[in-house]
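Here is a short tour of one protein model, written for someone who will want to look at the pockets and the backbone side by side. Have the structure open as you read.

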Amino acid sequence: MADLLPPAGAAGTLRLGDLTVNRLGFGAMRVAGPDIWGDPKDRSAMRRLLVCAFELGHTFFDTADSYGPNVSETIIAEALHPYPAGLVIGTKGGLVRPSRHRWDEDGRPEHLRRALDGSLKRLRLERVDLYQFHAPDPKVPFADSVGTLAELQRAGKIRHLGVSNVTVKQLDEARRIATIVSVQNEYNIGNRADDDVLAACTKAGIAFIPWFPLGAGRALGSAEVKRVAASLNATPAQVAIAWLLAHSPVMLPIPGTSSIAHLEENAAAAALQLSATDLAALA
Ligand SMILES: NC(=O)c1ccc[n+]([C@@H]2O[C@H](COP(=O)([O-])OP(=O)(O)OC[C@H]3O[C@@H](n4cnc5c(N)ncnc54)[C@H](OP(=O)(O)O)[C@@H]3O)[C@@H](O)[C@H]2O)c1
């Protein structure tokens, strides 16, 4: 009998609270227009991309109200609602887009309440499976923002809570307020500045969702990544993703793309095994 496991399922699964997702997720930021601002040039192509991402075995999709703003969440619902069993959508609130190149923090309780309601409406959900506080707001006590989300979780609008762009100290503070199932910080083979946060997540068994898992494309230019890729008959993107998956059992990469060819290439990385020699070369 043919193997029915879709490609992105080859890296195994990971728990987000009581939910189980395949360890290779999909970052849905790039279904919005250029600079993650406004509508994409071809909306129906982005809908097809999202359907294809699920069919390839990505069961965790990452989005945010600020992607567009409001565009990525809306297209996800257009493409996939009513959602297939097994699909877990993680969205985020706490950043606003007053103009094309601005991503401003807004962690005020009143903003987070409104932001969550907007996401629920666009995603056509009564409860978000994973709601992530997008970034601490220096103007608002972190505990006030996380406390508001904990309240909204108790009110039944959020199943699980995550945080993003946090330090170890902020993660510890959030965990004193609520159960945190995921952390989303920038991390990739070429940028390991948040090794301490990853170590804290690995120790606590909290999912670590690296954003810019391909360094927004920059991680693919490394000579070592290219050399290992050539030796395995793989691509640099596949090596960058396989390296993340091998790097920690709590790693949940969410490579982003607006291209079906790249989506297929990236999904196939879930099956790529790096040897001890490859990993040493990439260390
Ligand atoms: N929490 C946060 O603050 C935060 C910040 C940024 C992003 N994120 C999340 O992280 C996700 C991933 O980040 P990202 O999409 O910005 O960066 P990424 O996954 O590191 O890289 C995406 C870039 O690489 C290109 N790419 C993708 N696959 C490729 C391949 N196989 N070969 C060559 N190039 C390839 C894409 O272009 P093509 O479209 O041409 O494939 C795109 O320009 C986002 O979707 C979003 O959900 C979160």
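## Unusual backbone spots

Pro69 is found in the loop between β4 (60-62) and α2 (71-80). Keep in mind as you look at it that this is a predicted model. The peptide bond leading from Gly68 into Pro69 is cis, and its omega is near -10°.

Follow the chain onward and you will meet another proline of interest. Pro82 sits in the loop between α2 and β5 (88-93), and a cis peptide bond with omega of about 0° joins Pro82 to His81. A further spot to look at is Phe212, in the loop that runs between β11 (207-211) and α7 (223-232). Although Phe212 is not a glycine, its phi is positive, at about 55°.

## The largest pocket

Phe212 also takes us to the largest pocket, as it is among the residues that lie nearest the centre of that pocket, together with Met29, Arg30, Pro213 and Gly256. In total, 32 residues line the largest pocket, and its volume is about 570 Å³.

Which helices supply at least two residues each to this lining? They include α8 (236-247) and α9 (260-268). The largest share comes from α9, which gives three residues. Sorted by class, the lining of the largest pocket has 15 nonpolar, 13 polar and four charged residues.

## The ligand and its shell

Where does the ligand sit? You will find it in the largest pocket. There, 28 residues surround the ligand, and the closest are Arg30, Asp62, Leu214, Thr257 and His262. Arg30 thus turns up here as well as among the residues nearest the centre of the pocket. As with the pocket lining, α9 stands out: it gives the most to the shell around the ligand, with three residues. The shell divides into 12 nonpolar, 12 polar and four charged residues.

Several side chains come up to nitrogen atoms of the ligand. A polar side-chain atom of Asn266 lies 2.8 Å from a ligand nitrogen. For Glu265, an N or O atom of the side chain is 3.0 Å from a nitrogen atom of the ligand, and Ser164 places a polar side-chain atom 3.0 Å from a ligand nitrogen. On its own the ligand has 900 Å² of accessible area, and the protein covers 86% of it.

## The second largest pocket

Now turn to the second largest pocket, with a volume of about 150 Å³. Arg30 is one of its lining residues, along with Ala32, Gly33, Pro34, Asp35, Ile36, Pro40, Lys41, Asp42, Met46 and Ser258. Arg30 is also one of the residues nearest the centre of the largest pocket, making it a handy landmark when you move between the two views. By class, the lining of the second largest pocket holds five nonpolar, two polar and four charged residues.

## An enclosed cavity

The structure also holds one cavity of 30 Å³ or more, with about 30 Å³ of space inside. What lines this cavity? Gly25, Phe26, His58, Pro255, Thr257, Leu263 and Asn266 do. Two of these names are familiar from the ligand: Thr257 is among the closest residues around it, and Asn266 has a polar side-chain atom 2.8 Å from one of its nitrogen atoms. The cavity lining is made up of three nonpolar and four polar residues, with no charged ones.

How values were computed: Residues numbered from 1 in each chain as written. Predicted model: local features only at pLDDT ≥ 70, side-chain atom pairs only at ≥ 80, totals over all residues. Heavy atoms only, no water. 1 Å grid on protein atoms, 1.4 Å probe; cavity = no way out; pocket = protein on both sides within 12 Å on 5 of 7 lines; lining within 4 Å. Points joined across faces, edges and corners; volume = space filled by probe spheres on them. Helix = DSSP H or I, 4+ residues; strand = E, 2+ residues; numbered from the N terminus. Nonpolar A, V, L, I, M, F, W, Y, C, P; charged D, E, K, R; others polar. Near = heavy atom within 4 Å. Polar contact = N/O pair within 3.5 Å; in protein donor to acceptor, adjacent residues only side chain to side chain. Areas by Shrake-Rupley, 256 points an atom, 1.4 Å probe, with all protein chains shown as cover. Sits in = over half its atoms within 2 Å of the grid points.
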